[in-house]
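Visitor: Please take me through one part of this model closely. I would like to see how the two chains touch, and what the strands beside that contact do.

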Amino acid sequence: MSELLVDSSHGPTTIFKPSAVGWRHVEAGVPPYVDQTELFVEIYREAFEIAADDDAGLFIELQSDFLLSGANVAINNVVTGQIIEGKRHDSSSRLVIEHMQPGEYDLIVYTHEAVTNMDPTAEKTLSSFDLLLQLSVRLLRLADQNDGGARGAGVPIEILDYSGGSAHT
Amino acid sequence: MIEVLESDVELNDIRSSDHSPRTHHGGSGSNSGLDPSRGDAQGRDTQIQGSQGPSCKSVCLIGGEKSYNEMQRVFELGARTYFRIWLFQQVPDRRGSSSSSCANYQLFVTMKTAGADNMASDTSPQFRCPIEELPKSFNSPRFLEGPDAQQKDFHHKQSYRIDHLWHNRAHKIEFRLMEPSLVRIQAPIHRHLDFELVLNQDQGTYSYKTLLRAKREDFHSMIFAELEAGEYHVKFAFVSDAALMHLPCQSVELEAAIMTLDRAQAFAETFRKTG
C-alpha cells in the first residue's frame, strides 16, 4: 500500500495479472444454478490505517477494460464492516471520500469469473482472462479557503521502515 | 408514517391512548397502541407494507421510498389540514433481556406551497421524460447488427426508463449471437428498486433455460459470460413495490458490452504485450 501511495503521486500503478480470472462451465437449466456471488474473485487487498490526526480523505481511480476485466474498487472499514464502492464510468471506477474516519481499512479490487456454456475442450475458447489494471490511490486533505496557498491539498505520507528502524516522510 | 388528523391535538394529549396509532397484532384483537417491543420476524419491509403495520383512525400514509438508509415521503395536503409524523421501529423480540434498543435517526421536514410555480419543477418529468425506453432486443444496428448482416461489437452505458412497465414487472432483452462471444452486462444498484439480472438461453419459441442469475451484490448486479452462438435473453426481474416503479420517469442504469470471441482474443493479446 505504501508503494501504491508513493507511486500514485507520479501516475497510476500498472498491475498485470496473467490468467487471473477463470471461467465456470454451466449447463443451461441444469441445477445447481450459478449465482453471481459464487463468481467473486478478489484481485487485490491491502490494509491501511487512518490515524486520528490525519484529517485525510481518499481518492482512488481504477482503470480496467469493462468487457475483459470488469474490475471494481471498494474500501472496507475493518471495524464496522461497512463497504464503500467506487462508481464506474465506462472503463474506470472512481471512489472519492472527502474525509476518512480514523481506523483500519482494506482496499479491495475485485471482479467476477465468467460462466460459459461452450465446450471446454473446444479450440477457440478463452478459459482464463488476464487482468490489466491501472490503479491510483491518493490521500487528500480539504484546504480551507482562508488558508490560501499556505496549505495544499496533499497529505504527507509517513512510511515506516521497520526493518531499518527509520522513517521517511 | 403520516397521520392526517380530524382536528388539532393539544401537545399534552398527544401521548394519550386516544391519539395513538394502532397496530395489528396477528389475531389477538388488541389495539393497544404502537408497541415497539412486538417483533416481526420478517423485518421492517413487511411491517411498513401494512399487514403488521399501524393503522390510524382516519387517513394514514405508511412507508415511503427507500433510498439506502433513508425513507422519503412526498405528499400534498390541502390547506388547514392537521397532520402529524410518526417514527416507529419494531425490534427483535428479546425475551429475558433487560437491555433496551436504541436507534439513531435524523428527520428532515420541508414544506412548500403547491402553487403552479413551485409544483412545475416537481411534476414536469411526468410530462417530459428525456430517458429512453429499455430496448426489447440487441438485434439492431445500434447494438449487434453490423454491415452485411455480420455481428458487430458494442459497449453502451445508458439510463432507461421503466415506469411504463405497468403490468409486466419484468423486462426481456433478446439477442442472437451468430458466433461465440463474450458478454458483460452490469447494472448499478438503484436507490429505490431491487432487481435481478437473469441470463437465459432460449430453447425454442416459448422455452428457455437459465444460465446465470445475478443478484444485487454490493453496488451492482453483473453478468459475465462466454457464450456459444445461439439465442439468448437477459431479463430484468423487479422485486420492488410496483408503486415505486411507476414513479414518473423512474429509470435504471445499464452498461452492456458484447464482443466476438475472435476479437476478444486479439484484444486480450494486446493486454499481454502491454502488460
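Guide: Here is the contact, followed by the strands of chain A and two unusual residues.

This is a predicted model, in which local features need pLDDT of at least 70, side-chain atom pairs count only at pLDDT 80 or more, and totals for chains, interfaces and linings use all residues. Residues are numbered from 1 along each chain as its sequence is written, while chains are lettered from A and ligands numbered from 1 in the order in which they are written.

Start with the contact. Chain B gives 35 residues and chain A gives 29 residues. Two residues are in contact if their C-beta atoms, placed from the backbone, lie within 7 Å. On the side of chain B that touches chain A, the elements giving two or more residues are β9 (154-161), β11 (181-188), β13 (208-214), β14 (220-227), β16 (251-260) and α4 (261-274) of chain B. Helices (H or I, at least four residues) and strands (E, at least two) are DSSP runs, numbered from the N terminus. With eight residues, α4(B) gives the most to this side. By class, the side of chain B has 17 nonpolar, seven polar and eleven charged residues. Here Ala, Val, Leu, Ile, Met, Phe, Trp, Tyr, Cys and Pro count as nonpolar, Asp, Glu, Lys and Arg as charged, and the others, Gly among them, as polar.

Now look at β14(B) again. Strand β10 (residues 114-116) of chain A is joined to β14(B) by two bridges, and the two run parallel. Two strands pair if DSSP finds at least two bridges between them. Thr116(A) has Glu226(B) as its bridge partner in β14(B).

Next comes a sheet within chain A. Its four strands form an open sheet in the order β3-β9-β5-β6, with antiparallel pairing. The edge strands, β3 (40-50) and β6 (83-85) of chain A, each pair on one side only. Inside the sheet, six bridges join β5 (residues 72-77) to β9 (residues 103-112) of chain A. Val73(A) has Val109(A) as its bridge partner in β9(A).

Last, two backbone angles. Most residues other than glycine have a negative phi. Ser19(A) is not a glycine, yet its phi is positive, about 50°. Ser19(A) lies in strand β1 (residues 13-25) of chain A. Ser19(A) counts as exposed because it has 10 C-beta neighbours inside 10 Å. Asp55(A) also has a positive phi, near 50°. Asp55(A) sits in the loop between β3 and β4 (57-63) of chain A. With 13 other C-beta atoms within 10 Å, Asp55(A) is partly exposed. The cut-offs are 20 or more other C-beta atoms within 10 Å for buried, 12 or fewer for exposed, and in between for partly exposed, with C-beta atoms placed from the backbone.
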